[in-house]
Amino acid sequence: MPRPGNWIGFPLSRHVAGVILAFSAALPAGCSTPFQMSDAHVTSAVPSSSLDIAGLACEPVTTLGLVAPAGLQGLSPTVSHALTTALSEASPPVRAMPMPELVNRLRRIGAALGSRYVLQPGLADFNQALVDKFELVGLKIVKTRLSTLRLWLQLWDAQTGHLLWESTGEMTVAAPVLMQESTVALDEIARTLWSRMIKNDLLGARGGSSPCP
């Protein structure tokens, strides 16, 4: 499955947001650091007319292993789990069926797993940088960690082998460095970005309550 480079002739819809969203992210070490989403944008192809949203919500959707550069493959479990969470929180919720990446044809995967749709997630980049921020209150300089995550997502039809939809997204968050070992929670950043791609662009106006009995 190709990584997004061109858009296979799909028209594009673009959502750009510069909102500030503050919340606490749980850290593996047991401490928490509040962070702010300073910028986010998502660029998506308009879903194919052959995409059945009702079927997408009613049937389990196979999610292949995350595609990532060699240096970022260690982040795959965290980012993949965030995708599963974002899908379950969509409206209607989508039941993801994670599986290791296989070198099989889509039709064979769909037939074996009883799934018509297959999601291929990808991690394009994740980087962090430390910057100094001057605060007027208290007249002090606070170190801030900027974290930028870039993801892409494709939806394939396992019966026809056609690419139905694809999207790329980027999010930057800022968090004060309260302790030397403090970090931001990658799973929270990824879940938020996955949710924007799925809720706003994949399900979009056709989202709502689940049509499944």
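This report describes a predicted model of one protein, beginning with its confidence and moving on to a helix, a buried serine, the salt bridges and a cis peptide bond.

**Confidence**

The mean pLDDT of the protein is 74, and 64% of the residues reach 70 or more. In the stretch of residues 5-32 the pLDDT lies below 50, although this stretch has 74 contacts in the model beyond near neighbours in sequence. Residues 100-105 also have a pLDDT below 50, and for this stretch the model holds five contacts beyond near neighbours in sequence.

**Helix 2**

Helix 2 is made of 13 residues and spans 19 Å from its first C-alpha to its last, which is close to the 18 Å expected at 1.5 Å a residue. Its buried residues are S76, V79, A82, L83, A86 and L87. Because these buried residues cover an arc of only 135° around the axis, they are placed on the same side of helix 2. The other side of helix 2 carries P77 and H81, which are exposed. As a general point, an α-helix has 3.6 residues a turn, so residues three or four places apart point the same way.

**A buried serine in strand 3**

S44 belongs to strand 3, which runs over residues 32-45. With a relative accessibility of 0%, S44 counts as buried, because the cut-off for that class is under 20%. The side chain of S44 is joined to the side chain of S167 by a polar contact of 2.6 Å, and a polar contact of 2.7 Å joins the side chains of S44 and D201.

**Salt bridges**

There are five salt bridges in the structure, and the table gives three of these pairs with the distance between N and O.

| Pair | N to O distance |
|---|---|
| R191 and E89 | 3.1 Å |
| D157 and R116 | 3.2 Å |
| D125 and R150 | 2.7 Å |

The salt bridge between R191 and E89 links distant parts of the chain, since R191 sits in helix 4 (residues 186-203) and E89 in the loop between helix 2 and strand 5, 102 residues apart. R191 is partly exposed at a relative accessible area of 22%, and E89 also counts as partly exposed, at 37% relative accessibility.

The salt bridge of D157 with R116 likewise links distant parts of the chain, with D157 in strand 7 (residues 140-157) and R116 in the loop between helix 3 (106-113) and strand 6 (117-135), 41 residues apart. Here D157 counts as buried, at 2% relative accessibility, whereas R116 is partly exposed, with a relative accessible area of 23%.

In the salt bridge between D125 and R150, D125 lies in strand 6 and R150 in strand 7, so this pair ties together parts that are 25 residues apart in sequence. D125 counts as partly exposed at 24% relative accessibility, and R150 counts as partly exposed at 28%. Beyond the single pairs, salt bridges that share partners bring E89, E188 and R191 together in one network.

**A cis peptide bond**

The peptide bond that leads from S91 to P92 is cis, with an omega near 0°. In general, most peptide bonds are trans. P92 is found in the loop between helix 2 (76-88) and strand 5 (96-98), and E89, the salt-bridge partner of R191, is placed in the loop between helix 2 and strand 5 as well.

Note on methods. Residues numbered from 1 in each chain as written. Predicted model: local features only at pLDDT ≥ 70, side-chain atom pairs only at ≥ 80, totals over all residues. Heavy atoms only, no water. Helix = DSSP H or I, 4+ residues; strand = E, 2+ residues; numbered from the N terminus. pLDDT = per-residue confidence, 0-100. Contact = heavy atoms within 4.5 Å. Buried < 20%, exposed > 50% of the residue type's maximum accessible area, 1.4 Å probe, protein only. Polar contact = N/O pair within 3.5 Å; in protein donor to acceptor, adjacent residues only side chain to side chain. Salt bridge = Lys/Arg side-chain N within 4 Å of Asp/Glu carboxyl O. Expected span 1.5 Å × (residues − 1). Arc of directions from axis to C-beta.
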